[in-house]
Amino acid sequence: LDESTRKAIWELHDQFIDTYTPTNHPLYSPDEKRVLGIIKSNAYHSNEEGSRGLYPTISRFNHSCKPNVGYGFNGWEMRLYTTSDVQEGEELCTCYSDMVYFHNRIERGEFLKSKFNFDCICSGCNSSDSDDESEEQRLKQSDTRRERLRLLAETLAQRDRTNLKKSDLEMIMESINIMKLESLEHNISTTYRLARDWAMKLGK
């Protein structure tokens, strides 16, 4: 790697600094970055099975369980796109794991903490006003929708694709509607293709 690339990579955040040396240890340093920590904190899984890549600019995007940016790969080239209208000054966020699709905020929080060592504070997991009952209701409704999305995905995965039914297509369309409501549109094209293929098989 050339010097500028090495510098850009080393400037990336290491979310695992506090796991290396106890904070009360005489050798503890808040600047004790490690290459492995930088990779674990910032690398994206590519289309190549088992492969991950560091993208010094894109890796600076924060996570949200309601992302407004999606991404895809063409080989090792990573392409970004917005999934909703973005207001001036609004932060652009990606989703670090598709696991967030199918789990409530508590389960997502536990996963993100164990996998990436951070507490998620995105709008999908936290209310802007802890005393606002409508905000808490919004989060509970979101949890219910995501749990429903998981049930739909599990049910559809068990379907006999040689003997599809109208109800199967209805479940796919319900999944699409939930993904829209939950701002999970960064991978919605895959579900649309599934709906198209199953509709064609059903002659719809």
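**Confidence first**

I began with how the confidence varies from element to element: strand β2 (residues 52-53) has the lowest mean pLDDT, 84, and helix α3 (residues 105-116) the highest, 95. For anyone new to the term, pLDDT is the predictor's confidence in each residue, on a scale from 0 to 100. Helices (H or I, at least four residues) and strands (E, at least two) are DSSP runs, numbered from the N terminus. Over the chain the pLDDT averages 88, and 91% of the residues score at least 70. I remind myself that where pLDDT is low, the predicted coordinates should not be read in detail.

A note on the ground rules: this is a predicted model, in which local features need pLDDT of at least 70 and side-chain atom pairs count only at pLDDT 80 or more, while totals for chains, interfaces and linings use all residues. Residues are numbered from 1 along each chain as its sequence is written, and side-chain values use heavy atoms, with hydrogens and water left out.

**The overall layout**

I counted off 6 helices and 6 strands. Read from the N terminus, their order is α-α-β-β-β-β-β-β-α-α-α-α. The C-alpha trace spans about 65 × 45 × 35 Å along its principal axes. Of the 204 residues, 36% count as buried; buried means under 20% relative accessible area, exposed over 50%, and partly exposed in between (1.4 Å probe, protein chains only). I also looked at contacts, meaning heavy atoms within 4.5 Å. Among those between residues at least 6 apart in sequence, 55% join residues at least 24 apart.

**The β4-β5 hairpin**

Next I went to strand β4 (residues 69-74), which pairs with β5 in the antiparallel sense over 6 bridges. Two strands pair if DSSP finds at least two bridges between them. I followed two of the partners into β5: V69 is matched with T82, and N74 with E77. The hairpin has 2 residues between its strands, and G75 takes a positive phi near 70° there.

E77 held me a little longer. It is found in strand β5 (residues 77-82) and is partly exposed, with a relative accessible area of 41%. R52 is 25 residues from E77 in sequence and 12 Å from it in space, C-alpha to C-alpha.

**Salt bridges**

How many salt bridges does the structure hold? I find 14, where a salt bridge is a side-chain nitrogen of Lys or Arg within 4 Å of a carboxyl oxygen of Asp or Glu. As background, side chains of opposite charge can pair when their charged atoms come close.

E77 turns up again here, in a salt bridge with R79 whose closest N and O atoms are 3.1 Å apart. R79 is partly exposed, with a relative accessible area of 46%.

Then I looked up R60 and E11, whose side chains meet in a salt bridge (3.8 Å, N to O). R60 lies in the loop between β2 and β3 (62-63) and E11 in the loop between α1 (3-10) and α2 (35-42), so the pair ties together parts that are 49 residues apart in sequence. E11 is partly exposed, at 40% relative accessible area.

My last pair was R146 and E182, with side chains meeting in a salt bridge of 2.8 Å, N to O. This pair links distant parts of the chain, 36 residues apart: R146 sits in helix α4 (residues 133-157) and E182 in the loop between α5 (166-181) and α6 (188-202). Are R146 and E182 buried or exposed? Both are buried. I also noted that salt bridges sharing partners join K7, E11 and R60 into one network.

**Nonpolar cores**

I finished with the nonpolar cores, which are sets of buried Ala, Val, Leu, Ile, Met, Phe, Trp, Tyr and Cys residues joined through side-chain atoms within 4.5 Å. The largest has 25 residues, and those with the most contacts inside it are C65, Y101, L112, C120, L149, I172 and M179. Helices α3, α4, α5 and α6 are the elements that give two or more residues to this core. Its largest share, 6 residues, comes from α5.

I picked I172 for a closer look. Leaving aside neighbours within four places in sequence, I172 is in contact with L156, T191, L194, A195 and W198. A second, separate core has 7 residues, including I58, V69, F73 and M78.
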